[in-house]
Amino acid sequence: MNYLTLEDVSLRYGEKVLLDNINLKVNQGDKIAIVARNGSGKTTLLRIAAGTEHPEGDHYNYWLNKEIRTAYLPQEPEIVEGHTVLETILDSQDESLQPLRAFYTAQKSHDEKEINHALQLMDEHKAWDMDNTVKELMGKFKLPDFDFFTEKLSGGQKKRLALVKVLCSKPDFLILDEPTNHLDLEMVEWLEKYLSQSSISLLMVTHDRYFLNNVCNQIIELEHGSLIKYQGDYEDYLEKKELRMQNLATVRDKTNKMLRKELEWVRRMPKARTTKSKSRVDRYYEVKESVQGPEGPGELELEIDMQRLGTKILELHHVCKSFGGKKIIEQFSYKFKLKDRVGIVGPNGTGKTSLLKMFTGQLKPDQGKVIIGDTVVFGYYEQDGLMLREDKRVIEVVREIADYIPLKKGRKLSAESLLEKFLFTRPQQQVFVSQLSGGEKRRLYLLTILIGNPNFIILDEPTNDLDLITLNILENFLMEFEGVLLIVSHDRFFMDRLVEHVFALQPNGEIRDYPGNYSDYRNALEKEKYLRAPSSTVTGQAAPRKADDAQRKEMQKLEKQLDKLEEEKKKLLTYFSESSFDHPDFQVNQLRLNEIEQRKEETELRWMELADGM
């Protein structure tokens, strides 16, 4: 069954083309993610799909199935002030919520007749399950009581309230814009399992790569106004995109030769530019960007000459902190070492941001000492610290901090070059901040931290609103960073790549230190949970059965991988039977076939090992 059809949809803002005659269909069972650079039009495409924004012209076709339940979660949902949390959730045209709305309205009225009528409606429509669903979702996403007024909610709570409202209607088709923003890791993992249900169809934008891999069966890349479709999960997307890039290599080589000639001219150009020479320089940067594409600047290898960090960095001695009688941190001691890479995890409200503010001296502990070394230069990316002058140009914002980052061997990386490496082309650097998208502003704010050349970087939810390409560049930058790195993030992939041990904040104020990355921490929790289980579940037949279940799951996963490899192999063999040796893709596909054979052999061996152990 078709849920959504877009045909010949176009949209531009001024000279910038966001959508260029794109076509998109969402059918029942599709779980589609849109990926692209910030500012490319992902959010706009979702708004058009949801019917809240219209394409340009009169020749497009928009059709949304009215026979199904559709729900839309915008990136920045509008929550009406003056309403309670419950009133906001029940303020919907969805008929399934009407008995529940009548029930809670009747309770407030204290009118016995009205209450009896509402109870009758609840029974007739079997709405008690919906009542339980609302309460369960409010608990899962840690929302305040029913009667809490919306104007008192934080930005993160408002996003979670909007998500609960969307999920309460139990839609068939969900359109979600960055649904994992402002969720803690526990909430993200719950939402991932919920959206994996076969009954739910999805069109969403997210930067969470584990989410993409575990939930999606199709990924669509929005590039230069066009849609490029990839069947499969995030892993499939990466493999197929790599093949596509290899096929474009020949074209790129030819264009790169032209660029080299153009670059020689640009370098010889006199300082006093004529109108003609300036237009030629602008054309050079336009062509350079189009050749690089979104994957072009992905590698970032910089030998930054970081400011010296002494032996005394940051020390916490028996630190305690409480707010209103609630313990946030209780008797925490730790001495940071050079090249420490720490992730901080814990449910929302356990004090992660408060801990970061104590590290930097912005917040004083109730007890204990926080000692900051004399050589420490903090670079603190605050979750709510996005305060950029809207009337400034991009390059001016960065230059106000510093003109360059010092590199080793006396070299320098200019502000312009750093901006380029983080996907701000030279023409974009002259754009005013007010013209940037939300993700582009986040990226610029991040650069104001990095240009200061800190030796102790603190990142509080840095991945919110950043696109996959920027995340990859940031990760590469931080992997080369030689100072101390401290991260609070709900992005599991980001944490797994960068952290080497995890501070886990507990509800009682205790902070436990787990070695390894986020996945290692989760595995440690599962092991602790297993060991704490009653003896009857860890002895006798239960333990082997649990091991058997894990083996069967892995075998099923391997079987799916073998099916996918075999399917791709058949397609390549068909290609070889129909193509000549001098076909431009012949050698690339030959290499891919060899790779498939090797992966098949490894996968089959692993399957046999598991089968022998059953």
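**View 1. Here is the lining of the largest pocket in this predicted model.** Count around the walls and you get 32 lining residues. Asp233, Glu235, Asp236, Gln561 and Lys564 are the ones that lie nearest the centre. Four elements each give two or more residues to this lining: α8 (209-215), α9 (234-247), α21 (542-578) and α22 (586-613). The biggest giver is α21, with 14 residues.

**View 2. What fills the walls of that pocket, and how much space do they enclose?** The space in the largest pocket comes to about 1500 Å³. Sorted by class, its lining holds 16 charged residues, nine polar ones and seven nonpolar ones.

**View 3. Helix α4 runs from residue 112 to residue 124.** With 13 residues at 1.5 Å a residue, α4 should span 18 Å, and the C-alpha atoms at its two ends are indeed 18 Å apart, so expectation and model agree. Look just past the helix for lysine 126, which follows α4 and has a positive phi, near 50°.

**View 4. Leucine 450 sits in helix α16 (residues 438-450).** Is this leucine buried or exposed? Leucine 450 counts as buried because its relative accessibility is 3%, and the cut-off for buried is under 20%. Setting aside neighbours within four places in sequence, leucine 450 makes contact with Ile405, Phe422, Ile457 and Phe477.

**View 5. Leucine 450 and isoleucine 401 are shown as a pair.** Along the sequence, these two are 49 residues apart. In space, the gap between leucine 450 and isoleucine 401 is 9.6 Å, taken C-alpha to C-alpha.

Notes:
Residues are numbered from 1 along each chain as its sequence is written. This is a predicted model: local features need pLDDT of at least 70, side-chain atom pairs count only at pLDDT 80 or more; totals for chains, interfaces and linings use all residues. Side-chain values use heavy atoms; hydrogens and water are left out. On a 1 Å grid over the protein atoms alone, a cavity is a set of points where a 1.4 Å probe fits but cannot get out, and a pocket is an open set with protein on both sides within 12 Å along at least five of seven lines; lining residues have an atom within 4 Å of a point. Grid points are joined across faces, edges and corners, and a volume is the space filled by probe spheres set on the points. Ala, Val, Leu, Ile, Met, Phe, Trp, Tyr, Cys and Pro count as nonpolar, Asp, Glu, Lys and Arg as charged, and the others, Gly among them, as polar. The expected span of a helix is 1.5 Å times one less than its number of residues. Buried means under 20% relative accessible area, exposed over 50%, partly exposed in between (1.4 Å probe, protein chains only). Contact means heavy atoms within 4.5 Å.
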